[in-house]
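Grab the model and a pencil: here are some exercises to work through. Each one comes with a task and a worked solution, so try the task before you read on.

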Amino acid sequence: MTSRRALFIATPFLASVGTVLADPIERSYVLGSTLLEDIVRDLTSGQAKTRLLISGSACPGHTDVKASDLVFATKARGIFVHPRQMSLPSLTQLFTAKAQLRAKTQSVDVPGSWLIPEVQIQASRAVAKMLMQGESSAFSEVVSQRLDKRIGRLQAFCAELEPMRVRFRGKPVVSALMQKDFVSWCGFTVSATFGSADAMNPRTLGDIVSQARKSHVVGVVENLQSGKDAGLPIADELKIPRAILSNFPGSDDNVPDYFSLVRENVKQLLLLARN
């Protein structure tokens, strides 16, 4: 898979459709994930500069901070991250280098899988609220309008996925823990879960395989960011197919945003529904 490099700057561009920001102020944000970046770019009409703490396919603990990142963060209007990232090296290194950056850092505390449209709506609302804090009325109005449009698209997208959810309903699978919520929302019955490849030992494998056999599972769902082959021993033992899902946009060139990411994940899950 081709991944985007972490901590890159997304150059501003005018959205082909939608509202263009009315004021000329250049805005920049440091973001904890491509999920957050996708929302910010959409709500700001693609005109905000962004820098990521982590790329779409990387392990959160494996990103180092460079001097240019510190300069960017110092000038940024905000740093938006997921709660679990507050203690990660990629963020604490920034705080150590410049303590005042902590004050502009906000945690987007929206529980659940952000792949689920209803959760994505909650996350979009939370990010919009942060973007509008202390901003001009013109900027806030644009963000509010684009939020309404995004919510409308998400609601329509949820309805679009309903036939697939019906098709998946009740089919038993073994799932990576980080995909459990989304897989369950899609309609599958998660009979057992597993973590990263490092956490898989003979006893754990035996327990999972035993439970999977009892449940007559139709497949194994992998999480790309946890290691796409973590569930391979389970699939090999049971001779069942695997679906490799991603939790983040940008993990491959064909999934640049939230909507394409979920569509590709659903396409992967269809490999299991054939059994």
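## Exercise 1: A pair with room around it

Arg213 is partly exposed, at a relative accessible area of 45%. On this scale buried means under 20% relative accessible area, exposed means over 50%, and partly exposed is in between (1.4 Å probe, protein chains only). Before going further, note that this is a predicted model, where local features need pLDDT of at least 70, side-chain atom pairs count only at pLDDT 80 or more, and totals for chains, interfaces and linings use all residues. Residues are numbered from 1 along each chain as its sequence is written, and side-chain values use heavy atoms, with hydrogens and water left out.

**Task.** Find which side chain meets Arg213 in a salt bridge, and work out where the two residues lie.

**Solution.**
- Step 1: Recall that a salt bridge puts a side-chain nitrogen of Lys or Arg within 4 Å of a carboxyl oxygen of Asp or Glu.
- Step 2: The partner of Arg213 is Glu237, at 3.4 Å from N to O.
- Step 3: Arg213 belongs to helix H7 (residues 202–215) and Glu237 to helix H8 (residues 232–238), so the bridge ties together parts 24 residues apart in sequence. Helices here are DSSP runs of H or I with at least four residues, strands are runs of E with at least two, and both are numbered from the N terminus.
- Step 4: Check the partner's surroundings: Glu237 is partly exposed too, at 42% relative accessibility.

## Exercise 2: Charges under cover

**Task.** Say how many salt bridges the structure holds, then look up whether Arg150 is buried or exposed.

**Solution.**
- Step 1: The count is 14 salt bridges.
- Step 2: The side chain of Arg150 bridges to that of Asp42, with N and O 2.7 Å apart. This pair links distant parts of the chain, since Arg150 sits in helix H5 (residues 137–168) and Asp42 in helix H1 (residues 34–43), 108 residues apart.
- Step 3: Arg150 is buried at 2% relative accessible area, and Asp42 counts as buried at 15%.
- Step 4: Widen the view and you get a salt-bridge network that links Asp38, Asp42, Arg146 and Arg150.
- Step 5: Now try Arg51, which forms a salt bridge with Asp69, their closest N and O atoms being 2.7 Å apart. Here Arg51 is in strand S3 (residues 49–52) and Asp69 in helix H2 (residues 67–75), 18 residues apart.
- Step 6: Arg51 counts as buried at 8% relative accessibility, and Asp69 is buried at 3%.

As a reminder, side chains of opposite charge can pair when their charged atoms come close.

## Exercise 3: Strand S4 and its partners

**Task.** Work out which way the residues of S4 point, and which strands S4 is joined to.

**Solution.**
- Step 1: In strand S4 (residues 78–81), Gly78 and Phe80 point one way, Ile79 and Val81 point the other way, and all are buried.
- Step 2: On one pairing, 3 bridges join S4 to strand S2 (residues 28–31), and the two run parallel. Strands pair if DSSP finds at least two bridges between them. Tyr29 has Gly78 as its bridge partner in S4.
- Step 3: Another 3 bridges join S4 to strand S5 (residues 105–107), again parallel. There, Phe80 has Gln106 as its bridge partner.
- Step 4: Put helix H3 (residues 89–97) between the strands, and S4, H3 and S5 make a right-handed β-α-β unit. Right-handed means that, with the strands pointing away from the viewer, the path from the first strand over the helix to the second runs clockwise.

## Exercise 4: Unusual backbone angles

**Task.** What is the phi of Ser45, and what is that of His216?

**Solution.**
- Step 1: Start with the background: most residues other than glycine have a negative phi.
- Step 2: Ser45 has a positive phi of about 60°. Ser45 lies in the loop between H1 and S3 and counts as buried at 1% relative accessibility.
- Step 3: The phi of His216 is near 55°, also positive. His216 is in the loop between H7 and strand S8 (220–223), and counts as exposed at 64% relative accessibility.

## Exercise 5: Confidence check

**Task.** Where does pLDDT stay under 50?

**Solution.**
- Step 1: pLDDT is the predictor's confidence in each residue, from 0 to 100. Its mean over the protein is 88, and 87% of residues reach 70 or more.
- Step 2: The stretch under 50 is residues 1–18, for which the model has 57 contacts (heavy atoms within 4.5 Å) beyond four places in sequence.
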